[in-house]
Every structure is written in C-alpha cells, then in structure tokens.
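Visitor: Hi, could you walk me through this one? I'd like to start with a helix pair and then zoom out.
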Amino acid sequence: MKRLVIALLGLGLASAAHAATLTLYSAAPATLAKSLAAAFEKKTGDHVEVWTSSTGKVMARLAAEANHPHADVVMVAGWSAGLDLAKQGMVYPYHPAAIEKTLVKPAQVSAPFLPYGLDTVSMVFNTKALPAGAKLPDSWFALTQPEWKDRITAPNPLLSGTASSFLVAFVDRYGNKAWQFLQDLKANGTVWPGTNHAALLPVLSGERSGMLECVGHAAVAAKAQGNSVSLVYPKESTIVIPRPIMILKSAPDKKLAEQFVDFAMSPAGQKLVAKNNLYPALQGVPAKPIMAKMGSFKVSSVDWAKLAATQPAVLARFKKDILDQ
Amino acid sequence: MSRLFNHLLVYLILGVLVLAPLGAIIYEALQPSAGQVHGIALLQLGVDQQFLKSLSGTLGMAGLAVLFSLPMGLGLALLLYFVPPRLSPLWEALILIPFLIPPYLTAEAWSLLTGPVGMIEQLTAWQALGTTLEEFLFSLAGMGMVMALHLTPLVYILLRAALENGNPRLLQAARVHGSSALGAFRLGILPLLLPALAAAGLLVFLDTSAEFGVPALLAGYAGVQVLSTSIEGATNVWPVDLPKASAIGLILCALGVLVWFLYRPLVRNNEGRIQRRAPARRVWWSILPISIFALIGMILPLAAVVAVSLEKALSVGLRGSNFTWHHYHHVLSHSSSGLSALETSLRLSALVAVFGMASALLAANLVRKGGRIAALVDLLATLPMAIPGVVLAVGMILFWNAPWNQLPVFGHPIILAVAYATGTFPFAIRYARTGLAQIPPRLEQAGRVHGGSPLHSVLRIQIPSLWPMLVGGATVVFALSMRELVASLMLQPAGVQVISTYIYGNFRQGTIGNGMALSVIGIFSSALILGLARGALLRR
C-alpha cells in the first residue's frame, strides 16, 4: 500500500522531470495535429504531446492554465482568435520573413505568428434531405424563408474558430442587419448545437437539410466519404480565414517550438495540411482536387486587426441574444 | 504506530479525493463572477436567467426520467416475480444489460435510428415514425427517456429485492380473509414496495441530474439547457467563468446531497431474508414486455452502433455498396489514437480498481470500529455519490491547477485516476464493508491472541476471506472507470485520450464511424473482462 503510494508519486515526478517534449494544443481537424506530430517525431526524434478540441475550448484551456502553462505550440482555426491571444501578451513572436515571402496571397496577413493553412465557410446541404420542392439557396439570407423552418443548423461561434471569425466579419459588414438576420434564423428554428461536426452530423443523417457557416474541411471530409452533400458559396461572398500556428511565451524550449513551426510550414508539413482538406498556405503545394479552386467563389477582404478588437463584444452579444446563455 | 499510520493514510486519501475538490469549489463559489468586481458568484446566480433556465431543465429532465423509469422497472419486477417466463435468469440478464451501455452512446444511437432518413425509416414502411420519434428524442422528455432506459435496470433490482424481502404469506392471508387480488396486493405488497419505489426514484433523480453526456449530445438540438452542461460551458468555453461554474456546481451538489440524505435511510435496513415461497406460475407472455424493453433499451441502439461502425458514408445508409471495415482497421492500426485510448483506459481503470479497493478496505476497517470519527469517514467516503462528475472535475481543476499547487498532477494522466478513484469510492467502500461484516470477529481475535500484528490480520485473514467481495468491488470500480466521460473530458492532459473521450470526440469533432467502431470494441472487451472476473469469482 505504502509502496504503491510512493510508486505513484514517483511516477508523477519522473514524468515531470523529462520536459524535453513539445506540447501542442490544436483545434480541429484533430487528424492534422496528430499527423503533423507523428511526422515531426519521425523526422527529429523529439516527442510531441497533442491535445485537440475546438478553438473555443483551446482558448479556455489556455486561460485556465495561465498559472501553470502546459502548451508550447497552439494551432487554432480562427485568425481573430490568434490575434486575441497575441493581444493578451501570450504569444512569442515568430514569423520569419523568409517564410512569409513564400506564402500564397490570402495568407500574407501581418501578425506575430504564421498561418499554417486557410479555410473558408460556406453553406452545406444534404441533397437527399431537402424540404419537398426546395432548391439550393444562393444567399445566406434565403435561410430565413419559411421553407427552411427547423431545417438548418449552424456551428456555435463560441466553440468554432472559423465561425467566430466569420460572425465578426459578417457583423462588421452588415451591422444591425446581421443581428436581425441571426434573430430571424433563430425564429425560423435554426439551432447552434456545438462544433462544426456537431452541427454537420444532423445534416448528414438527414435530420436537418443544411448548415450555414460550415467550415470547409469538415464539409469536404464528409463529401469525400461519399455523403450526399453539396457546398454552396453564397452570392454575397464568404471570407478566407487563415489559421494561426503560434508559439507561446511560456514555452521553455523556443528552439524546439520554432523547429515544429518550420516543419508545419515546410512542403512536407503543408502536404499534410492539404491532405486534411485545408488550403495550404505555402505557394506550390496544391489543395485537394475535390476542393473548390480559390478564385472560383466570391471572397470579401477582411481587416483582421479591426475584427479582433470587436470579437469579444460580438461573441458576448451572440451568447446573450442568440444563445440565451 | 501502525494504527496511527492507518488513520493518517485514510485521512490523506479522503482529504485528497473528496475534501480538496469540494473545498476548492466552495471557496471559488464565494468569489465574484467573471466580469464583476464585487459580490459572491453564488448569490449572483439568483438573478441569472441562464442559470434559472438550466435549473428548470435539470429538474425537468430528472423528474421525467423518474416518471418513465419507475413504471417500467416496477412492471418488469412484478412480472418476473409473479409470472416469470421459462429461463428467467436469461431474461433477467436482458433487463440488466442496458445499464452497462454508457447513456451517451444510447443517446447517439437513438439519434441515428430516428429522423427522416434514420435507420427506422430506411428499414420500415412507417414513414412518419422516425420523424415523430426524433421530435420526441430531441426534447426534455427524450433526454429523460434515454436516462430512464439506462436506469430502469437499477429500479428493477431495487424493487425486485423489496419483493423478495416481503413475506408471501401476507398475500395468502389477505386472500384467505376475502380480499380481492388487487386488495391483497395493496395490503400485502404495496407497503413493502413504497419505500423501495421512493429509493429507486431518488436514485434515478440523483443520477440523471448529474448526467453530462446525454444532455451534451441532445440538449443543443432540443433547445434546452441543464446545469451540468452550463458548468462545463462556464469552465471549458472561452470566456471562462470559474466562480460561476463553481457556484452552479455547488447548487447541483446541494441538490445531490439533499436527495442522497433522503435516500440513505430508505435502504439502510435492506438485508435480505430468505423465504420459501411456492414456485411462481410460469407464463410465456411475460417475455413480450421484457423483449420490448430490451429492444428499445439495448438491441436497437446496439444494432445502430454496429451498423454505423460498418458504414462508409452516413447519408448513404444501409446499402451493400456503403459497407466498409475501414473504421475497424483505422481504430486498430498501430498509429491510431483509438487503440492507445483503449489501452490507457484499461490501465487507468485497473490501477484505480486495485488502489481504490485497497484504500476502501483501510477506510472500512476504520469505519467498523465505530465512533464519531468512523461516522465522519463513512460520510466522506459515500459523499462522492452526491457529487456529479462535472462538479468533481471543476473542483479538481481549481485545486490541482491552483497557483500555489506545485505538485505535477494536473496535466499528468494520474489526475484521471484520482478523479475515477473519487467517483468510485462509495462503491468500493460498500463492497469492502459488506465483506468485512461477513468475517466472524473471532477469526481476527484468534489471530491477534496468537501474536499476529494488525497488518498480519489484514493480509492473512481479511484479504483471503474477503477475496470474492474485493474482486466484485474491483470489477464494479473498473467498469465505472472505463465509462467515465465528463471528468475525463475536462481533465485529460495533452497526449492522453481514454476510450470515452475518444468516442465522444469522434461524435463531436471527427468521424462518427471510428467512434462507433471503438464503442463496439469497448463494449465487448469490457463485457469480456467483467465476464472473466465474474467467472473466476464464481469458481472459487
């Protein structure tokens, strides 16, 4: 008994001692974080511990662990979430000009960190579960029509980084019209059940017909599995959202963390990004053929610094007015 | 010396497992809510609309679960007592199995069965049925029903025990003196059943109000909120509000403790009395209600789990062309995190089973001596029954992640073992106490008289004679640890996944087929382990 307790304590202390490993916190897709970690381990022999969740939960965990930080490198889905972390002074600046030069145009956004990939949000419909006689809509605003009553889901921007970036940009562009649209959606039976996957699942299983603000990689993955889904880029335009990879100031081994970021930005790392249904940030690494070509859909430009400043207020209002929380 | 050591060890164990997280919660709940400078989060809840909504959601869900599970459990218990079918142990097993399926899995399975293109509508001609069922599932009543399906076996066990404890002659006497069958039931059976019904109702209420997985999966679609998911949200979703999470947690705990104190006196003197009674009349038709219960509580959900684990694309449905072994290949491949999640779960649960039963035996020895300290130890050891997993997790985050706490427990897999040990301690100590009560005091006195030390009497007398109870308790602790979801979700460190968080993560963040494949593997492997342990136990 006594020996067991001592052994247990020993176990705890022993593993705290060899802290030469890198800890990565990442938002979805979990498979990308895990395959990047595995490939990095194989290349360098260094160990990477991975924890994956959604952007909102990654941010919450970083805040909760502020006293005893565990994470070294963080990958989230929304650019504005990354800027918010930087504003809190948690980010160790790492964005070598040598890498920034090699990025595709939409990924060239100035920040104290790099974008490891890009994604978009769109509307996704299960073509087998449309309401009788309904056609695929071409506008965000069509989803408040009676024919879509109780048929639509959306990701919760408190959890999803892309949804929060999109929401803030949408509110910035449409102002009160945006809030009225969200109220109308809510009155029309739209639900915000959780992460992108939580919102997409009822669409795949036919319980709902469609989803708005769906993150591209989840929709493409569902399509690649053979599901009867169709992506619609609305005529009003969508936004392209860079996904930040950041080194935290609290990381004890900055060199190791930089190595990991360099690897994620290298052609080998970017191929994994493409394989996980995101648009690579590096020039010359092609996205999957199943994904819509950049430029084939309408995109509006975004002032990220301005959006990051308004994000907390927009999310707080969304939580109160739309989610009633 | 060794007695003092024993005392200190028990206090240390209970202090770390129970008092530390509870104390941290109480302290935090007395701080101002996030965004407020002054005040106490606990009092600020009184004007919080979301809290009041969640409270009514929890009360509603738990109340409905009681309302659904009591008639089902009562019906099944009466049926198997008065008119059992042939091979009744087999049919009884069918009633008990739904308790072994984690409720979040049943919830997910039913959400796949129902709906306009759910499996029910794919396979049957009743086009409206799936949609109607789905509307029911995604509501407060649906969440209550899923919990009722999971907990009806518990109700059945409690009521069946009450019936077996009754005196069948009372029934005969009432009939002889001219009562109708119903009147005899009212006089001879009902007085015995009422306390058991109340106890079962309270237990269902307690378990449902603490549940996280089912509301986490269904409440978002149902448009309702419950306390457990609010606590998780305030802790795990940015912006974080730990004082508010603690305050809600304290309320949920208080609800649990209240229910628990109402429950305890009802089951205290429930020792079995073996009675002879005329063999019951066996009828064939009693298998019908049992089959219906097994169908909705176990067979359909498990069939859905297996079906989805073999499907390529969810929206294509049950077709030959949609069949794949891919999810199993993926989960079982060497690089898969599914397999390592299963391994971690097995290892942690085994550790907790051994360590938990050993500590429970120590604590039970202390409780047996009687006195005020014994009563306190007993109270602390059984208190986790009333602490929901989500509240325990918040308390553990507050305690182990506090700025002054330098022990490297938070962020290490051992924290999951600590959480499991706390949650399962009441079960462990119940088995240990039942076992100790069976050892005649003379045996130990003889040992001590002949010069054996107390440690000697534990090793040479208690453990050998308690062995069956220890194994029984350890298997229960093991099974409960294997399925624990919410504390694992909130506490799991980087690089560590357990089976429940892998499955839940795949429902929420990834490929549902992979989650279902690991569910199938998990259910069968734990059933196998429990079966083997039980087999080994019976052979002795």
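Visitor: At what angle do helix H2 and helix H10 of chain A pack?
Guide: This is a predicted model, and in it helix H2 (residues 30-44) and helix H10 (residues 254-265) of chain A pack at about 115 degrees. Their axes are 11 Å apart.
Visitor: What does that make H2(A) and H10(A) to each other?
Guide: Angles of 65 to 115 degrees count as roughly perpendicular, and therefore H2(A) and H10(A) get that label. As for handedness, H2(A) passes H10(A) in a right-handed crossing.
Visitor: Which residues in H2(A) and H10(A) meet?
Guide: From H2(A) you have Leu36(A), Phe40(A), Lys43(A) and Thr44(A). Across from them, H10(A) brings Gln259(A), Phe260(A), Phe263(A) and Ala264(A).
Visitor: And how do the residues of that contact divide?
Guide: The contact of H2(A) with H10(A) has five nonpolar residues, two polar and one charged.

Visitor: Let's stay in chain A. What does its domain assignment give?
Guide: For chain A there's domain 1 (18-118 + 242-292) and domain 2 (120-239 + 311-322). Taken over C-alpha atoms, the centres of these domains of chain A are separated by 26 Å.
Visitor: How many residues of domain 1 of chain A are in contact with domain 2 of chain A?
Guide: It's 20 residues of domain 1 of chain A with 20 residues of domain 2 of chain A.
Visitor: Which elements give two or more residues to the domain 1 side?
Guide: In chain A, those are helix H3 (55-64) and helix H4 (79-87). H4(A) gives the largest share of that side, four residues. Split by class, the side of domain 1 of chain A that touches domain 2 of chain A has 11 nonpolar, seven polar and two charged residues.

Visitor: Quick detour: how far does helix H7 of chain A reach?
Guide: Helix H7 (residues 176-187) of chain A has 12 residues and reaches 16 Å from its first C-alpha to its last. That's close to the 16 Å expected at 1.5 Å a residue.
Visitor: What follows H7(A)?
Guide: Gly189(A) follows H7(A), and the phi of Gly189(A) is positive, near 90 degrees.

Visitor: Now the two chains together. How many residues of chain B are in contact with chain A?
Guide: Chain B has 39 residues in contact with 52 residues of chain A. On the chain B side, helix H12 (213-222), helix H17 (337-368) and H24 each supply at least two residues. H17(B) has the largest share there, three residues.
Visitor: What's that side like by class?
Guide: The side of chain B that touches chain A has 21 nonpolar, 15 polar and three charged residues.

Visitor: And how is chain B divided?
Guide: Chain B has domain 1 (1-21 + 325-540) and domain 2 (31-268 + 288-318). The C-alpha centres of these two domains of chain B lie 24 Å apart. Their contact takes 25 residues from domain 1 of chain B and 30 residues from domain 2 of chain B.
Visitor: Which elements give two or more residues to the domain 1 side of that contact?
Guide: On the side of domain 1 of chain B, they're helix H19 (389-400), helix H23 (486-491), helix H24 (499-509) and helix H25 (512-539). The largest share, seven residues, comes from H25(B). By class, that side of domain 1 of chain B has 19 nonpolar, five polar and one charged residues.

Visitor: You mentioned H19(B). How does it cross helix H20 of chain B?
Guide: The axes of H19(B) and helix H20 (residues 414-438) of chain B come within 11 Å and cross at roughly 135 degrees. That makes H19(B) oblique to H20(B). The crossing of H19(B) and H20(B) is right-handed.

Visitor: One last pair: how far apart are the axes of helix H3 and helix H11 of chain B?
Guide: Helix H3 (residues 49-82) and helix H11 (residues 190-210) of chain B have their axes 8 Å apart and pack at an angle of about 140 degrees. H3(B) and H11(B) are therefore oblique to each other.
Visitor: Which residues in H3(B) and H11(B) meet?
Guide: Among them are Ala62(B), Ala65(B) and Ser69(B) in H3(B), along with Ala200(B), Gly201(B) and Val204(B) in H11(B). By class, the contact of H3(B) with H11(B) has 10 nonpolar, six polar and no charged residues.

Definitions and conventions. Residues numbered from 1 in each chain as written. Chains lettered and ligands numbered in written order. Predicted model: local features only at pLDDT ≥ 70, side-chain atom pairs only at ≥ 80, totals over all residues. Domains from an automatic or database assignment. Contact = placed C-beta atoms within 7 Å. Nonpolar A, V, L, I, M, F, W, Y, C, P; charged D, E, K, R; others polar. Expected span 1.5 Å × (residues − 1). Axes fitted to C-alpha atoms, helices over the stretch in contact; angles between N-to-C directions. Parallel < 35°, antiparallel > 145°, perpendicular 65-115°, else oblique. Left-handed = near helix turned anticlockwise from the far one by under 90°.
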